[in-house]
Every structure is written in C-alpha cells, then in structure tokens.
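Work through these exercises with the model open. Each task is followed by a stepwise solution.

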Amino acid sequence: MSGMATSTTPQIHKDFPFQTMWDDAVRAAKISGKPALAFDLDLIDSNSIHIAQEVIGNRKFQAFLREHFEPALNDFAIDPPFTVGLDSLRNLGLRLSGLERTFKIGLRPTIIMIGPDSTEMDRIVLPQKLTVPQLEARLMDIMHDRNTLHSAIIAFWRDTTSLTKRQHLIDMFEERSKYDSVLYHLGSLSRNIRYPNEARKAWARYVDLRMRMEGNVIPLDSLIASLGHSRSDSVLHYALLQDKLAFYQRAKKADSVSAMFERIIAFTGVRDPDLLNDYAWNLANETKDWDHALALVNEAIGKNGREPNYYDTRALVSAQLNRFDEAVRDAQTALGYASGNDVAYFKDRVEYFKGLRSRSQAALQSPSNQPKQK
C-alpha cells in the first residue's frame, strides 16, 4: 500500500460529488437508515484513479449513490489542506487508517458497504474490473444479501459436506482478508479423506498462506516430510521447495537462500545450468561469496556455452572481484549471443561494465592514490 503523497495526485477532488469520511457516513447512516458506502482509494494508483474518474465521476452513478447510500471517499494519496490544524491532522490520519484497520481491508481500491449498525454488509474487491452497470448490479445484490459473504456462510452451514460451497466460502474469506477463517476452512478441507486430491491442494494452499502471512515455514516442512516418491508427490515436493526459496529471496535471507539452492540440487539430482546460474546470481548480489559464485557460473557455462545470461552473471561476479576487463569481455560475449528484445538489455550491460572499468581506472590514477615521494 502507498503512504500519503502529493506530487503526482490528479487534481480531481474538486469534481467529486462527496468528500465525506467513512465514519461520518456511518453516523449519517444511523440517522437515514441507508447503508454507508465507502470508496477506499489511493489516488496515485492507476486503478484508484480509474474508479475516481470513470465510476464516481459518472453522473448517473452519482444519482444512484445518493438514492441508496450514504457515500464516503477515503483517499490515502493526499495530504489535508495546510490550513488544517495539527490536532485535526492527527485525527484525520486515525480516521484514514481506521477504515482499513477496523474492517481489515488489505487492498486498494476497495468499496465497502457498512450497515446502519456499523457492521460490514460486504465489500467489492478489485472494483476496477467492473463497469458502472455491473457495479450498480453488484451493489444491489449486496443490499439484498445475494452472493455475499453472509449468504455464502448460510449456504455452507446448510450443507457442510459440499466441497464446492466450502471452496467458494474460502475464496470469499480470502478476498475479504478474513485470514483466520481461511485457515480454519483450509485446515478442515485438508483433513477430508473423501477428497484426497482436494485435501492435498488445500494443505498446500494452507502452508503457502502461513508462510506468506506469518513467515512460518514449519507447516510447509511438515507437508514436504509427508510426501512420498510418486510422480505427483515429487512434482509437489519440487514446487514447495521453489516456493520456500522464493520466500527466503523476498526476505533477503542469504544463508537460507543458499541452503535452499543446495537442497533443490540435491532433491533433483541434476545440476541444471539455469539453476546454477540463478544460484550464482544470488551469491553475487546478496553475499560476498564471489569465488563460489564464479565456480557455479563457470559450471553453468560449461554445460551451455551459448546462453547470454550466464555470461552476464559472470560479468557481474568479475566486477565484484574488480576484474573489470574480464567483466567487459563477458558482457560483450553475452551481447554476441543475445537476440530479439534482449539485445538492448545486453548493450546497456556492456556500457554499464565499461563505466565501472573507467571509474576504477580513474580512481587508480587519482593523486590521492599515487605513492607519496619521500
């Protein structure tokens, strides 16, 4: 999510039919009996800008809103006017963050409908995918409790044996950031022996969610430990190792990343050149283990001597080792093997490594680096 900013915000606020904050709209709903409808936007984001200009800016839609709702607009991309006092600024910040904190909104833009009793009726995630008529129809469905989270819950508890209804409910919970409910139902489905394939998928989805949301890899390791040696289990095993590798890469945990590369190589029993190159690239960028990186990329080149990405990796490693002539030479080799849209990238890489070499040479010739005469 983006924080507050002003420099690139479109000047469209003056045209909005309402500027009410979400909590003010809820208070108005208690009086009028109409639901509050809050547009949670970030107007430095193209999707939010689309909602503001093409949806809220639609005159017919404005009339529809006024007839059925107490509308509100929360824009996280603008600072309040400079005339607003500091106390008001602090309160405004609480009100802005309060909407997402109160209703656990994890994605902008979102449109959320709040009843006169201050409870959520439902929300529309990714509203930019809907046309104005589709959006009006969806809002009326929510008003009449059709295809809402509430109606899905009722339908599920009428028939808890229905796999389709449970999966639909899980998807709706996940859309609405109901994390604990998603985990509960995925956990229940993963233990359903009547549907072993769906149970396995649910378990995989469960462990992925625990890892992404909590940073907890223990459930994933438990799933891996339970796998056998069938083709389907091996495919899943490999996919889970890749997921764990990607998780550690995003977290910038260099030692864990290296351990995962070694684990994948051991699992496959194959020293795949692409994997070796990725491993070397990671070492070159995230560690100082450049000698190991050089050995890995040399092995990859030995297996496929015409892949430009491998030479690009070796150029990076050589540059880290201050071997700039070798870096430029490898960058030129990579360019020689490049084709199509990749050519422009590798041309830029040649110039980049030439620039590094020039700056290194200039630094060596600087008077401050010359030996002092006695």
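**Exercise 1.** Does Ser118 count as buried, exposed or partly exposed?

*Solution.* The model is predicted: local features need pLDDT of at least 70, side-chain atom pairs count only at pLDDT 80 or more, and totals for chains, interfaces and linings use all residues. Residues are numbered from 1 along each chain as its sequence is written, and side-chain values use heavy atoms, leaving out hydrogens and water.
Step 1: apply the cut-offs, where buried is under 20% relative accessible area, exposed over 50%, and partly exposed in between (1.4 Å probe, protein chains only).
Step 2: Ser118 has 30% relative accessibility, so Ser118 counts as partly exposed.

**Exercise 2.** Describe the backbone at Ser118, Leu126 and Pro109.

*Solution.* Step 1: most residues other than glycine have a negative phi, and most peptide bonds are trans.
Step 2: Ser118 has a positive phi near 75°. It sits in the loop between S3 and strand S4 (120–125). Helices (H or I, at least four residues) and strands (E, at least two) are DSSP runs, numbered from the N terminus.
Step 3: Leu126 has a positive phi of about 60°, in the loop between S4 and helix H5 (132–143).
Step 4: the Arg108 to Pro109 peptide bond is cis, with omega near 0°. Pro109 lies between helix H4 (86–103) and strand S3 (110–114), in the loop.

**Exercise 3.** Characterise helix H9 and its surroundings.

*Solution.* Step 1: H9 covers residues 196–214. Step 2: its buried residues include Ala199, Tyr206 and Met211. Step 3: helices H7 (163–175) and H10 (218–226) are among the elements covering them. Step 4: just after H9, Gly215 has a positive phi of about 75°.

Notes: Expected span 1.5 Å × (residues − 1). Contact = heavy atoms within 4.5 Å.
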